[in-house]
Amino acid sequence: MAVPRRGASAGAGHEWCGSRLTVTDLLLVGAGHTHLYVVRRAAQLAAAGYRVHLLAPRFFDYSGVASATAAGSLPGDAGRIDVRALAGSSGVHFHEDTLASLDPDQRVAVTSTGARIPYDLLSLNLGSVVAAVGLRAHERVLRVKPLSGLADLDARIRAAGRPGATVTIVGGGASGLELAAHLSTRSDVARVHVVESGSVIGADLPAGARRRMGRLLAARGVLVHAGCVVHDLAERHVVCDDGLALSHDVALLATGLVAPPLLVELGLGDERGVPVRGTLQHVDRDEIYAVGDCAHFLPRPLPRIGVHGVRQGPVLHRSLLARARGGEVPVYEPQDRALSILDLGDGVGLAVRGRWWWFGTGPLRLKRYIDRQWLRTYRSSTRARAGDAS
Ligand SMILES: Cc1cc2nc3c(=O)[nH]c(=O)nc-3n(C[C@H](O)[C@H](O)[C@H](O)COP(=O)(O)OP(=O)(O)OC[C@H]3O[C@@H](n4cnc5c(N)ncnc54)[C@H](O)[C@@H]3O)c2cc1C
């Protein structure tokens, strides 16, 4: 009888040694966009000799609808994927936990509950956290990433009571502006402040789109304070270095995204991420892959947007198959200009691609369509097992 054993050399794929089948243990850590793609196609990996493990929390929350769900415009579970059910329906060994440490020489991952998971190949898709360099923020300040940081936003606004909550958002980039626009449409939000250290908000937007955004926020009563540098963000107030003082019921930190600090503890990277080559493999370790926001793509800097994680899915999957079966190893070739669509609440959106932009109800309809299609892919795979996933 053939007995599966772990691969002696990582990446060897399966091979017959007499009557013994060598199995390569592939450990996927984090159920981000890229890994969801790979998990859904795990049967092909199993056929190529992989035993696929996924170490991740039970649920994945999709950032495309995060502002809308956090602000209460869409139901809280509108972007939720049941990762355990997806893994179960794909034949993947699911470890409901998070990665705490790693022994890269022994090739063992240790989880937050102390479980040890040996691997031959490791892939990291851990997302990102808010960058708060040079800024102290009170623990009650809500962080926009990881998205779990937004879970309390709706309740905190409701708790403020009459005459409505005052919200300060520090950071005038895409996520800060999206949240400001959404919150300004709520009847229980009395005032929204956006505090931005740069001279303008939406610095990455084309000039026309930036002006359109400014008019929208002004029309909704959002107060924008550009050129204000914050060093200390307290639970109930903030003082900028130009002397501007604001008080608030709720503060949100949206000062850009960096890779999780865990990577430094693991010795695998820094706040830019795990350094990877075009093949998505660690610069010095062929058996370690990193994808999405937690990767530092060495061929060129990439913005931390979901589209890269989505597009890296097929590359990682093909790469793993090529590793097992032989063949050309693919490289990730990012688009020069990716389409991004901000959901600005009240039925309107702003689509941007390079210098092209489009504001109105059309962009939001397009965004909802794209988001629905993507979410449906991962939800329909699990529907058959929804009964036993609860
Ligand atoms: C408010 C907001 C709105 C956004 N809207 C958009 C948008 O509309 N379009 C867009 O392209 N980008 C958007 N972004 C950016 C987007 O969130 C990221 O670029 C994208 O989520 C990155 O995808 P990822 O697959 O790398 O990681 P993620 O989607 O963050 O997934 C990482 C997963 O890893 C898990 N994880 C983390 N740590 C561990 C651990 N130690 N062990 C195991 N698992 C772990 C997490 O639970 C998570 O499920 C938005 C960001 C924010 C903050």
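How do the residues of the shell around the ligand divide into nonpolar, polar and charged? In this predicted model, the shell comprises 10 nonpolar, 12 polar and five charged residues. The legends below take the ligand site, the domains, the surface patch and selected backbone and ionic features in turn.

**View 1. Residues of the shell around the ligand.** The ligand is surrounded by 27 residues, of which H33, L99, K145, D293 and G306 come nearest. By class, polar residues number 12, nonpolar residues 10 and charged residues five. Both domain 1 (5–57 + 97–128 + 259–334) and domain 2 (130–257) contribute at least three residues each to this shell.

**View 2. Polar contacts of the ligand with S63, K145 and R304.** The side chain of K145 places an N or O atom 2.9 Å from an oxygen atom of the ligand. For the side chain of S63, the corresponding separation between an N or O atom and a ligand oxygen is 3.1 Å. R304 takes part through its backbone: one of its polar backbone atoms is 3.2 Å from an oxygen atom of the ligand. Taken on its own, the ligand has 1,000 Å² of accessible area, and the protein covers 84% of it. Two elements, α6 (174–183) and α9 (306–325), are those that give two or more residues to the shell.

**View 3. Domain 1 and domain 2 of the protein chain.** The domain assignment gives domain 1 as 5–57 + 97–128 + 259–334 and domain 2 as 130–257. The centres of the two domains, taken over C-alpha atoms, are separated by 35 Å. The shell around the ligand draws on both domains.

**View 4. A nonpolar patch on the surface.** The patch is formed by L339, W356, W358, L366, Y369 and I370, which together have about 560 Å² of accessible area. Two or more residues of the patch come from each of β28 (356–360) and α10 (361–383). Helix α10 provides the largest share, three residues. Y369 is located in this helix, α10.

**View 5. Cis peptide bonds preceding P146 and P163.** The bond from K145 to P146 is cis, with omega near 0°. P146 lies in the loop between β14 (142–143) and α5 (153–160). K145, on the other side of this bond, also has a side-chain N or O atom 2.9 Å from a ligand oxygen. R162 and P163 are likewise joined by a cis peptide bond, with omega about 5°. P163 occupies the loop between α5 and β15 (165–170).

**View 6. The backbone at L280.** Although L280 is not a glycine, its phi is positive, at about 75°. The residue is found in the loop between β23 (274–276) and β24 (288–290).

**View 7. The salt bridge between R107 and E287.** The count of salt bridges in the model comes to 18. In the pair formed by R107 and E287, the closest N and O atoms are 3.8 Å apart. R107 belongs to the loop between β8 (99–103) and β9 (108–111), and E287 to the loop between β23 and β24, so the pair ties together parts that are 180 residues apart in sequence. L280 is also found in the loop between β23 and β24.

Note on methods: Residues are numbered from 1 along each chain as its sequence is written. This is a predicted model: local features need pLDDT of at least 70, side-chain atom pairs count only at pLDDT 80 or more; totals for chains, interfaces and linings use all residues. Side-chain values use heavy atoms; hydrogens and water are left out. A residue is near a molecule or strand if one of its heavy atoms lies within 4 Å of it. A polar contact is a pair of N or O atoms within 3.5 Å; within protein, one must be able to donate a hydrogen and the other to accept it, and residues adjacent in sequence count only if both atoms are side-chain atoms. Accessible areas come from the Shrake-Rupley method with a 1.4 Å probe; for residues, only the protein chains shown count as cover. Helices (H or I, at least four residues) and strands (E, at least two) are DSSP runs, numbered from the N terminus. Ala, Val, Leu, Ile, Met, Phe, Trp, Tyr, Cys and Pro count as nonpolar, Asp, Glu, Lys and Arg as charged, and the others, Gly among them, as polar. Domain bounds come from an automatic or database domain assignment. Patches are made of residues with over 30% relative accessible area and no salt bridge: like charges are joined within 9 Å, nonpolar side chains (Val, Leu, Ile, Met, Phe, Trp, Tyr) within 5 Å. A salt bridge is a side-chain nitrogen of Lys or Arg within 4 Å of a carboxyl oxygen of Asp or Glu.
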